There are 2 protein chains.
Amino acid sequence: MVRKTKEEAELTRRHILDAARRVFLECGVARTTLEKVAAAAGVTRGAVYWHFRNKTDLFFGMREQATLPFVDRVVFDEAEADPLQGIERALREIIHIMEDQPETRETIEILSFKCEYVEEFSGLRLRTPGQLEFLAGLTAAYQRAAAKGLLRAGLDPTIVAQDTFVFVGGLIKHWLSSEPDECFRAGALALIRTHIALRRA
Amino acid sequence: MVRKTKEEAELTRRHILDAARRVFLECGVARTTLEKVAAAAGVTRGAVYWHFRNKTDLFFGMREQATLPFVDRVVFDEAEADPLQGIERALREIIHIMEDQPETRETIEILSFKCEYVEEFSGLRLRTPGQLEFLAGLTAAYQRAAAKGLLRAGLDPTIVAQDTFVFVGGLIKHWLSSEPDECFRAGALALIRTHIALRRA
DNA sequence: CTATTTACATACATCCATGATTGTATAAAA
DNA sequence: TTTTATACAATCATGGATGTATGTAAATAG
């Protein structure tokens, strides 16, 4: 047993997190055993238990990595001349994140389809701070659009924001469920464009 | 051990299915043990194994019950004078089913949040026949609306149908995740109304 | 250079869910 | 009425996952 340096240890920690994501995706969280994760990472359970308290800890560790891209890239610029275009760009950005960041995409897929929201995981299901912030950003953007007269007449910015929020939830779900070569993925951007165009004055 | 008549046996079968739904909802499918189901149904595992091959069989048995209300109640009348109103009614019907059929609602909640789509369950995730039929119904209805000049100018019925399809997916997800007293539930019907109104000429 | 801690691997004990087997009293068939 | 199949309950054997405890060699602190 050759002892590792601090940097090497941090590396195995990442390997374990990566392996966990792969195994979670393939087996689902519940059927994932720390033995499988260890094997996939090329270590033993001893290493896994050294870096993480248990499977739940490992799960939350993996989840943490995936939230970062969103808070960085999905933003609403308040100074945007056309807030509706800002919303459209934000929605497109979500798709792009899933397209060019496989780890993030896989983690979202795990959270969406490979995880049961009970007991220690049930807290993740209700609106998370990030989700609420996104909804708030949408609402504010639609309000700015309304103030600029860009929103179609008679539309309540709050309602429209909720509508888009719901749309995004469904979009992610269906996008993840569609095959990479399926037309739905290619059509996602068109869907987003139509979605926004419907709201424009 | 007093042997039951055929009718009594059918009754315990239903009791087991009901109990399974409750336990699935509380513990998630993976952590549900047949011992828990048996206890919740007031029987032993012997009875469960008599009526169902294993947990998977029990799961699909429960699922079968829930699909029926939808094919019955969520329909598109081709003779409808206003197809958009027909779509709106269909969407409202989905909400109403979840409101006044707790068993159906609970089953959908299990399928949405208490089940991992791996191995024997992975088939349920891709578009099921029922979902495809619903999408086809939406597309046809929007096409009829377009033919009658009821659809807003410049909208592609196929795209709009996909948009509504995505909307419904997100709507169910968020509706299930919201608390019964939360404003989102009350606002769901308003959301639907706005969603359709946006598409009207 | 010595002591201690780190970063794991290995081994162990425990528990629990599963599926199968067996037992049994009675409904239903003949 | 006798026989057989039914509808379970009770018991058993097995495996597999978990957490912990121990071993260990090298990195690091002093």
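The legends below describe close-up views of a predicted model in which two protein chains meet each other and two DNA strands.

**General note.** Local features are reported at pLDDT of at least 70 and side-chain atom pairs only at pLDDT 80 or more, while totals for chains, interfaces and linings use all residues. Residues are numbered from 1 along each chain as its sequence is written, chains are lettered from A and ligands numbered from 1 in the order in which they are written, and side-chain values use heavy atoms, with hydrogens and water left out.

**View 1. The contact between chain A and chain B takes 49 residues from chain A and 49 residues from chain B.** Contact here means heavy atoms within 4.5 Å. The two chains bury about 4,100 Å² between them, with 55% of this area on carbon and sulfur atoms. Buried area is the accessible area (1.4 Å probe) that two parts lose on being put together, summed over both.

**View 2. Salt bridges and polar contacts join chain A to chain B.** The count of salt bridges between the chains is 6; a salt bridge is a side-chain nitrogen of Lys or Arg within 4 Å of a carboxyl oxygen of Asp or Glu. One of them links the side chains of E119(A) and R31(B), at 3.7 Å from N to O. Across the interface there are also 16 residue pairs in polar contact, both residues being at pLDDT 80 or more. A polar contact is a pair of N or O atoms within 3.5 Å; within protein, one must be able to donate a hydrogen and the other to accept it, and residues adjacent in sequence count only if both atoms are side-chain atoms.

**View 3. Helices of chain A supply residues to the side that touches chain B.** The elements giving two or more residues are α1 (6–31), α6 (102–113), α8 (157–177) and α9 (183–197) of chain A. Helices (H or I, at least four residues) and strands (E, at least two) are DSSP runs, numbered from the N terminus. The largest share, 13 residues, comes from α8(A). By class, this side of chain A has 22 nonpolar, 11 polar and 16 charged residues. Ala, Val, Leu, Ile, Met, Phe, Trp, Tyr, Cys and Pro count as nonpolar, Asp, Glu, Lys and Arg as charged, and the others, Gly among them, as polar.

**View 4. DNA strand D is surrounded by 24 residues.** A residue is near a strand if one of its heavy atoms lies within 4 Å of it. The closest are R45(A), Y49(A), R3(B), T44(B) and H51(B). Sugar and phosphate account for 68% of the strand D atoms that come within 4 Å of the protein. A side-chain N or O atom of R45(A) is 2.5 Å from a base nitrogen, whereas a polar side-chain atom of Y49(A) lies 2.5 Å from a phosphate oxygen. The largest share of the surface near strand D, 4 residues, comes from α3(B).

**View 5. DNA strand C is likewise surrounded by 24 residues.** R3(A), T44(A), R3(B), R45(B) and Y49(B) are the closest. A side-chain N or O atom of T12(A) is 2.8 Å from a phosphate oxygen of strand C, and a polar backbone atom of L34(B) is 3.2 Å from a phosphate oxygen of this strand. With 4 residues, α3(A) gives the most to the surface near strand C. This surface has 9 nonpolar, 8 polar and 7 charged residues.
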